[in-house]
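This report introduces a protein structure to a reader who has not met it before. The sequence and the model are shown first, and a description follows.

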Amino acid sequence: MGSRSASRLFVCSAVRMLHGFVFFALSAAALNGQEQRAPSEILKEAASLQRAGQLEQAIADYRLFLEKYPDVAPVRSDLGVALAGAGRYEEAIAEYKRALQLKPLPQVRLNLALAYYKTSKLSLAVTELQKVHEELPGDLRPLMLEADCHLRLGENKKVIELLTPVEQTNGDDLAIAYMLGTALVRDGKTEKGQVLVDKILKNGDSAEAHFLLGSQMFAAGDFPAAVKQFSAAIELNPSLPDLQSAYGRALLDTGDAEAASEAFRKELMSDLGSFDANFYLAQIHLAKREWSAAEPLVTRSLELRPDSLESKLALADLDIGEGKLQDARQVLLAAEKTWPKSVAVHQRLSHVYEELHLRTDAEREGGLAARLEPKHRSAGEGPRPGDPAPEFSSTPVGSGDLVSLSKLRNAGPVLLVFGSYTCPNFRSAAGTLNRLYGEYKSRVPFYLIYIREAHSTADWASTKNEREGIVVEPVTTTGQQKEHATMCVRKLHIEFPALLDSMNGDAEKAYSAWPSKAFLVDKRGRVIFDTALGEQDFNQEQLEAALRRVISPVKAANLPHKTQ
């Protein structure tokens, strides 16, 4: 719900009510220390100032009146309206609460709920809105605002439960169709959501329609198509709530963290209480090890959704990054009580214990994480930790001889990095991989397996590649593939050896490695760690911990790995 539609819920009603009974009940004596102005004149002036947008003067008049007559509920409420209009929501909330104690009017409670909404106290807003709905069952305003709160909290099923019966009797209300359609798409009910998308589309080209279409595509994993739809929506209405956040998430999943950061910041400029904008921008800063920039975003994410596991994990990652290992341990132990079967919690606890040199505890948590992992991945997901590393053959750049994985391992551990130059995520990870190679190359060899281009001119265009002027033709011969790999090594200063996948992509298919991934294989030939190289997936601390463990006596089966 936009700020303009939300602001219409504020109602200045006290003057009208006072005409009916308050003016006659109050003394016309002048207030202490003021000119000879009757209470009615002060209130008339306050209302006039408020209508003219001179809110601070109106607030002063309301307070002047309330100094003498503190128990007039409608005036308390109108003071709250003025304070809210001036952006002073916390003060407005206090006035609405006092007004409700004096006279529990539904409209005052609705204004209180909206003030909670504007300060992102969505759970408190829902509580008040449910009371208003009971008092005014025929009024759609509290129900719509409650649905919007649930939508922003990610509680899609509650939105569906609230709005499905209402949509059936208000079929022409596009706001209902938009919110219900969004909830259905986010809940995976894309066919039902499509019905509402079509209804909106019939009313012409609109930002809402493109937003819903983009949301469908995002839910289906078609991130490039989602980027196009969200971009079209932004051209029509860049201030549509949650649109910039959705655009940022789609950009992030296509490897464009810079553009995603800009989108999240734009969302926060209009809505500081956007969970997605706070959380995902924090993730980007965490990935870049920008701890001070991440800290306020992580804190706000926790304030917005205190019961969110992902926010707790972000706080733990922040503490780990800042070296506050005991703080991270406490955060994770508390999370473990609520989510005892979370693989991510046990993986991080294992890492924290290892950094604290508590080897037994690290092994225990690593073992728990391994046992809680799904035993088998779906077809096309590649090997998981504990699985044998699929055998393959590839050609070293500069040589025509095929080499097998077993020869590359030479009875020892090896890190396999799959990627291509046109993959933004691989380019972003290259510096970290070079650093780790420099430190561990004497004990763990690294190899780049150059696979098919992530974004050649024959595929969908990456926004980051377009911005950086990266244009690469699709490979049709081994010679072209070699040229691409050589260019990649040169431009990214890759220090470890590069090998070419077969033209059929045998290694890429065996590891489901497109567009970029890394697999750590131990001396027994088993995968013990895997990670995508995306902004949200690649954690250099976890990879480095796995590298240390593969050269130590810790059992490989107990090693934590990065969740995809």
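Which residue in E7 is the bridge partner of Lys517? The partner is Ala532. This pair belongs to a predicted model, and the report starts from the sheet in which the pair lies before turning to two helix packings.

**The chain as a whole**

The chain contains 28 helices and seven strands. Its C-alpha atoms fill a box of roughly 100 × 55 × 40 Å along the principal axes. Of its 564 residues, 53% count as buried. Where contacts link residues at least 6 apart in sequence, 60% of them join residues at least 24 apart.

**The sheet**

Seven strands form an open sheet with mixed pairing, in the order E2-E1-E5-E4-E3-E6-E7. Strand E2 (403-404) and strand E7 (527-532) are the edge strands, each pairing on one side only. In general, the strands of a sheet pair through backbone hydrogen bonds, in either a parallel or an antiparallel manner.

At the E7 edge, strand E6 (residues 517-521) is joined to E7 by five bridges, and the two strands run antiparallel. Helix H28 (residues 540-550) packs on the sheet, where it touches strand E3 (414-419), strand E4 (446-450), E6 and E7. The direction of H28 makes about 165 degrees with that of E7.

At the E2 edge, strand E1 (residues 393-396) pairs with E2 in the antiparallel sense over two bridges. Within this pairing, Ser394 of E1 stands opposite Val403 in E2. E1 and E2 form a hairpin with six residues between them. In the turn of this hairpin, Gly398 has a positive phi of about 95 degrees. E1 is also joined by two bridges to strand E5 (residues 498-500), and these strands run antiparallel. The bridge partner of Thr395 in E5 is Leu500.

**Two helix packings**

The geometry of two helix pairs is set out below.

| Helix pair | Axes | Angle |
|---|---|---|
| H17 (residues 275-287) and H19 (residues 309-321) | within 11 Å | roughly 30 degrees |
| H3 (residues 39-51) and H4 (residues 55-68) | 8 Å apart | about 155 degrees |

How are H17 and H19 oriented, roughly parallel or roughly antiparallel to each other? Because their angle is under 35 degrees, H17 and H19 are roughly parallel to each other. Their crossing is left-handed. On the H17 side, Phe275, Phe279, Gln283 and Leu286 take part, and they meet Glu310, Ser311, Ala314, Asp317 and Leu318 in H19. The residues of this contact divide into five nonpolar, two polar and two charged.

For H3 and H4, the angle is over 145 degrees, and these helices are therefore roughly antiparallel to each other. The crossing of H3 and H4 is left-handed. H3 contributes Pro39, Ile42, Leu43, Glu45, Ala46, Ala47, Leu49 and Gln50 to the contact, while H4 contributes Leu55, Gln57, Ala58, Asp61, Tyr62, Leu64 and Phe65. By class, the contact of H3 with H4 has eleven nonpolar, two polar and two charged residues.

Notes: Residues numbered from 1 in each chain as written. Predicted model: local features only at pLDDT ≥ 70, side-chain atom pairs only at ≥ 80, totals over all residues. Heavy atoms only, no water. Pairing = 2+ DSSP bridges. Helix = DSSP H or I, 4+ residues; strand = E, 2+ residues; numbered from the N terminus. Contact = heavy atoms within 4.5 Å. Axes fitted to C-alpha atoms, helices over the stretch in contact; angles between N-to-C directions. Parallel < 35°, antiparallel > 145°, perpendicular 65-115°, else oblique. Left-handed = near helix turned anticlockwise from the far one by under 90°. Nonpolar A, V, L, I, M, F, W, Y, C, P; charged D, E, K, R; others polar. Buried < 20%, exposed > 50% of the residue type's maximum accessible area, 1.4 Å probe, protein only.
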